[in-house]
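Got the viewer open? Load the model, pick a cartoon view, and keep the selection box handy for the stops that follow.

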Amino acid sequence: NGLANFVTWLLSGFWVTDSQSGMKGFSKNALKKIDINSAGYEWCSDVFREAARHELHISEVPISVRYNRYSLSKGQHFSIGLDMVVRLVLKQFWK
C-alpha cells in the first residue's frame, strides 16, 4: 500500500494514508468532471489523478477496517501492485 500511496502522490500530488481504499465519496460536481475508464486496482489511484487534473478538493476521513479470515486469505501479491503501477504510469504518459 505504501508504494501505491507514493505512486498516487507522484501522479496526482495528493498524499493520502490509503490510496487503495475503495471507500470514496463524490460531490455532484466531481461526478460530472471525473472520467475514469480504468478496469482494475488502478481505479483507486486514477480517481486522485483525475481530481488533480480538474483541480478538485480532496478530504480524507478516517475509517476502520476489519479483516476476517476469508479476506485475509485472499491477500495481495506484489505482482498485482506492480501491474497497477505500470498501468498508471503508462496511462499518465499515454494521454
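**Stop 1: the whole chain**

Start with the cartoon and read from the N terminus: the elements go α-α-α-α-α. That makes five helices and zero strands, where helices (H or I, at least four residues) and strands (E, at least two) are DSSP runs, numbered from the N terminus. The radius of gyration is 14 Å, close to the 12 Å that the globule rule gives for 95 residues, so the chain is as compact as a globular protein of that length. Here the radius is taken over C-alpha atoms, and the rule is 2.2 Å times the number of residues to the power 0.38. Switch to a C-alpha trace and you'll see it span about 40 × 30 × 20 Å along its principal axes.

A few ground rules: this is a predicted model, in which local features need pLDDT of at least 70 and side-chain atom pairs count only at pLDDT 80 or more, while totals for chains, interfaces and linings use all residues. Residues are numbered from 1 along each chain as its sequence is written, and side-chain values use heavy atoms, with hydrogens and water left out.

**Stop 2: colour by confidence**

Now colour by pLDDT, the predictor's confidence in each residue, from 0 to 100. The chain averages 83, and 92% of the residues score at least 70. Which elements have the lowest and the highest mean pLDDT? Helix H5 (residues 78-94) is the lowest at 73, and helix H2 (residues 28-33) the highest at 94. Where pLDDT is low, the predicted coordinates should not be read in detail.

**Stop 3: the salt bridges of H3**

Select residues 43-53, which is helix H3, and show side chains. How many salt bridges does the structure hold? There are three, a salt bridge being a side-chain nitrogen of Lys or Arg within 4 Å of a carboxyl oxygen of Asp or Glu.

- Aspartate 46 pairs with arginine 49, with their closest N and O atoms 2.6 Å apart. The two sit three residues apart in H3, so about one helical turn separates them.
- Arginine 49 also meets glutamate 50, at 3.6 Å from N to O.
- Glutamate 50 in turn bridges to arginine 53, the closest N and O atoms being 2.9 Å apart. This pair is also three residues apart in H3, about one turn of the helix.

Put together, Asp46, Arg49, Glu50 and Arg53 are linked in a network of salt bridges.

Now add the surface. Are aspartate 46 and glutamate 50 buried or exposed? Aspartate 46 is buried at 0% relative accessible area, and glutamate 50 is buried at 0% too. Arginine 49 is buried as well, at 6%. The cut-offs: buried means under 20% relative accessible area, exposed over 50%, and partly exposed in between (1.4 Å probe, protein chains only).

**Stop 4: serine 45 and methionine 84**

Stay in H3 and click serine 45, which is buried at 4% relative accessibility. Leaving out residues up to four places away in sequence, serine 45 touches Ala4, Thr8, Ser19, Gln20, Met84 and Leu88; a contact means heavy atoms within 4.5 Å.

Hop across to methionine 84, which lies in helix H5 and is buried at 5%. With the same residues up to four places away not counted, methionine 84 touches Ala4, Gln20, Tyr41, Glu42 and Ser45. Try a distance label from methionine 84 to tryptophan 15: they are 69 residues apart in sequence and 18 Å apart in space, C-alpha to C-alpha.

**Stop 5: the nonpolar cores**

Select Phe14, Val16, Ala30, Ile34, Phe48, Ala51 and Leu56, the seven residues of the largest nonpolar core. Apart from that core lies another, of six residues, among them Ala4, Val7, Met84 and Leu88. A nonpolar core is a set of buried Ala, Val, Leu, Ile, Met, Phe, Trp, Tyr and Cys residues joined through side-chain atoms within 4.5 Å. In soluble globular proteins, nonpolar side chains tend to be buried together. Click alanine 51 and you'll find it touching Phe14, Leu56 and Ile58, not counting residues up to four places away in sequence.

**Stop 6: out to the surface**

Finish at arginine 69, in helix H4 (residues 69-74). Arginine 69 is exposed, with a relative accessible area of 78%. A distance label from arginine 69 to tryptophan 9 reads 31 Å, C-alpha to C-alpha, for residues 60 apart in sequence. Zoom out for a last look: buried residues make up 28% of the 95 in the chain.
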